[in-house]
Amino acid sequence: MRILLFSIALIVISRAGYTQVINIESNIYYASYSMKDLHDVQSLLMWYNPVPLKAVATFPAYFAYDLLTSYKLDDVSQIGIWGSYRSTGARNSYADYSGSYTTDFLVESVVIGPGYQGSIRTRPGIIRINLRVGYSWNSLDIVQTIKTQDSSEFEKKSTPSASLPILIGISYRKEIWKGYINASLLYEYAKLDYPVTQSGALVDWSGLKIGLGVGFDFTKKPVDPSGSH
């Protein structure tokens, strides 16, 4: 990962004598996640608990956010760095006249890595092929809460892990005013997870992402080595 980021920096520096276009783009996605192993963990915790818990949420699709800064190499290609945040969760619950018992699962992730965009059509908008790789810091919190008429107790277990997501997809860019809007469809493969949770479960962010965003291009003129104006 560090080699890829260093290579991008070298490319940008080597083109300091050319007109440069820097792009900043932000997107919001509605994203689905596999989380197959965590579904199994949720079911096992219900099965082995003497309280007749029921699943009221099971890692549903949820919103994700990203920010991309890229550098235009030519009329076709852009390279850059992207970052993303996403989360999802689940809940097992039981309640009666004497109190309630809940088990909450919260999964969060922050990702950063290099990316590439290649344009395959230029008018009336721009269709782009997107390829991204990254390093994902994952966090799984499992919180068990017991409430009665007289007391309340909770226990929290946090397990960090990491994964190496790969994203591929297409996006459509349409110029408006001084910027552009961007619609995108991405698929993420993120099954390379380490270390896994204590149960051996994989935090699997694999799934589809449908997004909408805005972006802006900033043009920097080439440096004049003579210093003249």
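In the predicted model, S77 touches Y71, K72, Y116 and Q117, when residues up to four places away in sequence are left aside. S77 is placed in strand 4, which spans residues 77-96. Its relative accessibility is 12%, and S77 therefore counts as buried, the limit being 20%.

One of the residues touched by S77 is Y116, which lies in strand 5. In contrast to the buried S77, Y116 is partly exposed, with a relative accessible area of 33%. Beyond the four nearest places in sequence, Y116 touches S77, Q78 and I79, together with I129, N130 and L131. K72, also among the residues touched by S77, is separated from Y116 by 44 residues in sequence and by 10.0 Å between C-alpha atoms.

Several of these residues recur around an internal cavity. The structure holds 1 cavity of 30 Å³ or more, and the volume of the largest cavity is about 50 Å³. The lining of this cavity consists of L68, S70, Q78, I79, G80, G115, Y116, Q117 and R132. Strand 3 (62-72), strand 4 and strand 5 each contribute at least two residues to the lining. In terms of class, 3 lining residues are nonpolar, 5 are polar and 1 is charged. Y116 thus appears both in the lining of the cavity and among the contacts of S77; the same two statements hold for Q117.

I170 provides a further point of reference, in strand 9 (residues 166-176). At 45% relative accessibility, I170 counts as partly exposed. Its contacts, not counting residues up to four places away in sequence, comprise R128, I129 and N130 on the one hand and A183, S184, L185 and L186 on the other. I129 and N130 are also touched by Y116. The C-alpha atoms of I170 and G118 are separated by 9.5 Å, with their positions 52 residues apart along the chain.

Helix 2 was examined next. This helix comprises residues 36-47, 12 residues in total, and extends 17 Å from its first C-alpha to its last, close to the 16 Å expected at 1.5 Å a residue. Within helix 2, the buried residues include L38, V41 and Q42. These three residues lie on the same side of helix 2, because they cover an arc of only 100 degrees around the axis. K36 and W47, on the other side of helix 2, are exposed. The cover over the buried residues of the helix includes strand 2 (54-58), strand 4 (77-96), strand 5 (99-121) and strand 7 (135-148). Strand 4 and strand 5 accordingly figure both in the cover of helix 2 and in the lining of the largest cavity.

Strand 7, another part of that cover, contains N138. N138 is buried, its relative accessible area being 3%. Between N138 and V203 the C-alpha distance is 7.5 Å, although the two residues are 65 residues apart in sequence.

Two loop residues have unusual backbone angles. Most residues other than glycine have a negative phi. M35, although not a glycine, has a positive phi of about 50 degrees. M35 is located in the loop between strand 1 (20-31) and helix 2, and its relative accessibility of 0% is why M35 counts as buried. F59 also has a positive phi, near 50 degrees, and is a residue other than glycine. F59 is situated in the loop between strand 2 and strand 3. With a relative accessibility of 3%, F59 likewise counts as buried.

At the level of the whole chain, 2 helices and 12 strands are present. Along the sequence these elements follow the pattern α-β-α-β-β-β-β-β-β-β-β-β-β-β. The chain has 229 residues, of which 39% count as buried. Among the contacts in the chain with a separation of 6 or more, 70% are accounted for by residues 24 or more positions apart.

Conventions. Residues are numbered from 1 along each chain as its sequence is written. This is a predicted model: local features need pLDDT of at least 70, side-chain atom pairs count only at pLDDT 80 or more; totals for chains, interfaces and linings use all residues. Side-chain values use heavy atoms; hydrogens and water are left out. Helices (H or I, at least four residues) and strands (E, at least two) are DSSP runs, numbered from the N terminus. The expected span of a helix is 1.5 Å times one less than its number of residues. Buried means under 20% relative accessible area, exposed over 50%, partly exposed in between (1.4 Å probe, protein chains only). The arc is that of the directions from the helix axis to the C-beta atoms. Contact means heavy atoms within 4.5 Å. On a 1 Å grid over the protein atoms alone, a cavity is a set of points where a 1.4 Å probe fits but cannot get out, and a pocket is an open set with protein on both sides within 12 Å along at least five of seven lines; lining residues have an atom within 4 Å of a point. Grid points are joined across faces, edges and corners, and a volume is the space filled by probe spheres set on the points. Ala, Val, Leu, Ile, Met, Phe, Trp, Tyr, Cys and Pro count as nonpolar, Asp, Glu, Lys and Arg as charged, and the others, Gly among them, as polar.
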